[in-house]
Amino acid sequence: MTLFEILLLLSAAFGAGVLNTIAGGGTFLTFPALVFVGIPPVVANATSTVAVLPGYLGGALGFRKEVMEFDRKQLIRLIGIGLLGGAVGSFLLLISSDRAFSALVPFLLLLATLVFLFGARIRAWAARRSQSVTPFGFVGMFAVSTYGGYFNGGLGIILLALFSLWGMTNIHQMNGLKTAMSFILSMISVAIFAGAGIIEWQAGLMMMVASTAGGYAGAPISKALPMPVVRAIVATVGFVMSAVFFYRVFIAG
């Protein structure tokens with residue numbers, strides 16, 4: 001890689017760490033940056049998962065008290081279903097050709113952007129239709145986990161909406177479970193992607209370091225910037241990246 005490409009990847013990963021700490025949306029930076037330096041889309045998606053992994057680990061450790069407040073048997077079931085769904089999604093990515101995945105990317109980015117932008121409304125809607133944890137709820141976890149194993153964008157917000165549907169109201173417990181499940185999904189995905197040899201490790205490891213640094217930097221930045229400004233920045237990045245990939249795939253060819 002050239003010096004410019006290295007700096008681009010490091011900057012994108014640092015920015016992703018900042019965004020994930022403040023509000024989420026780091027995938028909008030890491031995945032496009034990897035594609036723009038010439039890494040095939042499927043490999044770029046797998047490598048992007050590696051890049052944001054430390055942030056999930058740090059968050060999971062930070063919320064360990066809240067996570068341990070859940071019923072242990074229920075938590076184990078959720079983890080098992082999350083691992084299964086994440087594995088299914090990851091294997092679906094492995095059998096996707098770069099051409100097929102590229103055709104889906106603009107829609108996935110747009111979906112993730114819309115979920116991010118309207119996340120609060122989605123959660124409020126879900127809360128009004130909340131139900132206790134049921135087998136249907138576990139079906140929902142499997143579906144969301146499969147999505148997370150295939151494409152990580154917007155996963156955290158979708159998980160929060162799912163928890164609201166289950167009737168959960170304690171935001172700290174919800175965030176703890178969301179972060180823990182995101183880490184578990186990413187871990188199984190990284191293991192499967194590594195076994196299949198589709199991770200660009202040079203880029204991935206560099207970006208892991210940069211995203212970790214960005215995660216630490218995100219804390220003071222989150223206190224300085226109003227949340228509406230942060231959301232506007234993330235949404236703008238998401239819509240721009242969606243438009244760019246729509247152009248690359250369906251117009252430029």
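Phenylalanine 31 and phenylalanine 101 are both buried in this predicted model, where buried stands for a relative accessible area under 20%, exposed for over 50% and partly exposed for values in between, with a 1.4 Å probe and protein chains only. Their two rings form an edge-to-face pair, with 6.1 Å from centre to centre and 85° between the planes. Rings of Phe, Tyr and Trp (the six-membered ring) are paired when their centres lie within 6.5 Å, and planes under 30 degrees apart are called stacked, over 60 edge-to-face, and the rest tilted. Phenylalanine 31 belongs to helix 2 (residues 27-36) and phenylalanine 101 to helix 6 (residues 98-117), so this pair ties together parts that are 70 residues apart in sequence. Helices (H or I, at least four residues) and strands (E, at least two) are DSSP runs, numbered from the N terminus.

Phenylalanine 31 has a further ring partner in phenylalanine 151: the centres are 6.1 Å apart and the planes stand at 90°, so this pair is edge-to-face. Here helix 2 is linked to the loop between helix 8 (135-150) and helix 9 (155-165), across 120 residues. Phenylalanine 151 is buried, as is phenylalanine 31. One aromatic cluster takes in Phe31, Phe36, Phe101, Tyr150, Phe151 and Phe245, and the structure holds 10 aromatic pairs. At Phe245 the ring face is covered by arginine 248, at 5.7 Å from the ring centre; the criterion is NZ of Lys or CZ of Arg within 6 Å of the centre and within 35 degrees of the ring normal. Phenylalanine 101 also touches residues outside the cluster, including Pro41, Val42, Asn45, Leu93, Ser96 and Leu108, when residues up to four places away in sequence are not counted. Contact means heavy atoms within 4.5 Å.

A word on the basis of these values: in this predicted model, local features need pLDDT of at least 70 and side-chain atom pairs count only at pLDDT 80 or more, whereas totals for chains, interfaces and linings use all residues. Residues are numbered from 1 along each chain as its sequence is written, and side-chain values use heavy atoms, with hydrogens and water left out.

The same phenylalanines return in the hydrophobic interior. The largest nonpolar core has 46 residues, and Leu9, Phe31, Leu34, Phe101, Leu109 and Phe151 have the most contacts inside it. Such a core is a set of buried Ala, Val, Leu, Ile, Met, Phe, Trp, Tyr and Cys residues joined through side-chain atoms within 4.5 Å. At least two residues each come from helix 1 (3-22), helix 2, helix 3 (41-62), helix 6, helix 8, helix 10 (171-196), helix 11 (201-224) and helix 12 (227-250). Helix 3 gives the most, with 9 residues. A separate core of 20 residues includes Val144, Trp166, Leu177 and Ala180.

Two residues of helix 3 illustrate its surroundings. Valine 50, in helix 3, is buried at a relative accessible area of 1%. Beyond its neighbours within four places in sequence, valine 50 is in contact with Val190, Ile199, Trp201, Gly204 and Met208. Its C-alpha atom is separated by 6.8 Å from that of methionine 208, which is 158 residues away along the chain. Threonine 47, also in helix 3, is buried at 0% relative accessibility. Its contacts, again without residues up to four places away, are Leu34, Ile198, Ile199, Glu200, Ala203 and Gly204.

Helix 9 has 8 of its 11 residues buried, so it is largely enclosed by the rest of the structure. Among the buried ones are Leu155, Ile157, Leu159 and Phe163. Glycine 167, which follows helix 9, has a positive phi near 95°.

At the level of the whole chain, there are 12 helices and 0 strands. Of its 253 residues, 47% count as buried. Contacts between residues at least 6 apart in sequence join residues at least 24 apart in 82% of cases. The C-alpha trace spans about 50 × 45 × 30 Å along its principal axes. The radius of gyration is 17 Å, which agrees with the value near 18 Å for a compact globule of 253 residues; it is taken over C-alpha atoms, and the globule rule is 2.2 Å times the number of residues to the power 0.38.

An unreviewed UniProt entry lists "transmembrane region" for residues 39-63, 75-95, 101-120, 154-171, 183-209 and 229-250; positions follow the numbering used here, feature names are shortened, and annotations may be inferred rather than shown by experiment. In the model, residues 229-250 are 100% helix and 0% strand, with end C-alpha atoms 31 Å apart. Residues 154-171 are 67% helix and 0% strand, and their end C-alpha atoms lie 18 Å apart.
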